[in-house]
Amino acid sequence: MEGQRCFCIVVFLVHTAIGAGEGSTNQPSTERVESNELTVSFPPLEDLYTSTLEKHFATENNTVVTSQTGSTALLPCVIRNIGDGIVSWIRRKDYHLLTVGLTTYSSDQRFQAIHLQHSEDWTLKVRFVQSRDAGIYECQVSSHPPTSIFLHLDVVEARAQISGPTDKYLKPGSTLRLQCSVVQTTEAPAFVFWYHNSRMINYDAERGINVTTDTEQRLSDLLIPAASVSHAGNYTCVPNNAVPASIYVHIFNGENPAAMQSSSPSYIHLSILHSLYTTVVLYAIR
């Protein structure tokens, strides 16, 4: 009996050990669970900042800027992600270096680079624009190789024009109305003066002259409700930023307008030219 009891104890211990070993294989280990955890990693901050975006121009190539003589022209050049690049402006017709950064290299101080801190705009400013300033300008960014865009500056000459013929004929007591418009202009005039012969008449209300000007519409009107002989003469419309225009007003008193036309300045000038031409032709025939 003692022998059988010992054998049973041994068998029970072996079975328990085996069963415990089989049960342990069915449970996941702690290490394996840890190896299946979801993990997220971030790159170092310095790696984020070193991945720079590509430099490019936001201003379209071959942009056309129109400016009138005497005004200020602004040629834009917007550059994205310029980094350490340096902007230069070059006049292409003579390859003249105008500006580098904010420094003007041209002896013509009308040229200036405009740039606000932290902005992406490097504008070329040209003051007191002249006809000779028209042409192509290059906005160049230093790189390897340099990158550029080209802008065209068109310069127009603003001028005044008075509606109607250059000679106007009225009877005494008639209404004289003259309208002057400023054309080919890129900016409104600051003022428009009217002259009767050599006298400025914008404020001659006591003489029956009324002048109204709308600078935004580029229009100026002169009105004399009852014109008299004293109102005859040359009238000139003079905007501050445009070429003036003139008209000659005739006030006739019972005379034939056609006869008066023969004594107008323009007619006399044509008559002199015709007489001179006739003389030259007769001399050549002889």
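This passage describes the fold, the surface and the unusual backbone geometry of a single chain in a predicted model. Local features were considered at a pLDDT of at least 70 and side-chain atom pairs only at pLDDT 80 or more, whereas totals for chains, interfaces and linings use all residues. Residues are numbered from 1 along each chain as its sequence is written, and side-chain values use heavy atoms, with hydrogens and water left out.

The secondary structure of the chain amounts to five helices and 20 strands, where helices (H or I, at least four residues) and strands (E, at least two) are DSSP runs numbered from the N terminus. Of the 286 residues, 27% count as buried, the term buried being applied under 20% relative accessible area, exposed over 50%, and partly exposed in between (1.4 Å probe, protein chains only). The accessible surface of the chain comes to about 18,800 Å², and 57% of this area belongs to carbon and sulfur atoms; accessible areas were obtained by the Shrake-Rupley method with a 1.4 Å probe, and for residues only the protein chains shown count as cover. Among contacts (heavy atoms within 4.5 Å) between residues at least 6 apart in sequence, 59% join residues at least 24 apart.

Six strands form an open sheet of mixed pairing, in the order S2-S11-S10-S5-S6-S7, two strands being taken as paired if DSSP finds at least two bridges between them. The edges of this sheet are formed by strand S2 (63-68) and strand S7 (103-104), each of which pairs on one side only. Strand S6 (residues 96-100) runs antiparallel to S7 and is joined to S7 by two bridges, and Thr99 stands opposite Thr104 in S7. In general, strands of a sheet pair through backbone hydrogen bonds, either parallel or antiparallel.

Three places in the backbone were examined for their geometry. Most residues other than glycine have a negative phi, and most peptide bonds are trans. A cis peptide bond, with omega about -5°, joins His144 and Pro145, and Pro145 is placed in the loop between strand S10 (135-141) and strand S11 (147-156). Gln184, although not a glycine, has a positive phi of about 55°; Gln184 is found in the loop between strand S14 (176-183) and strand S15 (192-196) and is partly exposed, with a relative accessible area of 45%. Arg218, likewise a residue other than glycine, has a positive phi near 60°. The position of Arg218 is in the loop between strand S17 (210-214) and strand S18 (219-224), and at 21% relative accessibility Arg218 counts as partly exposed.
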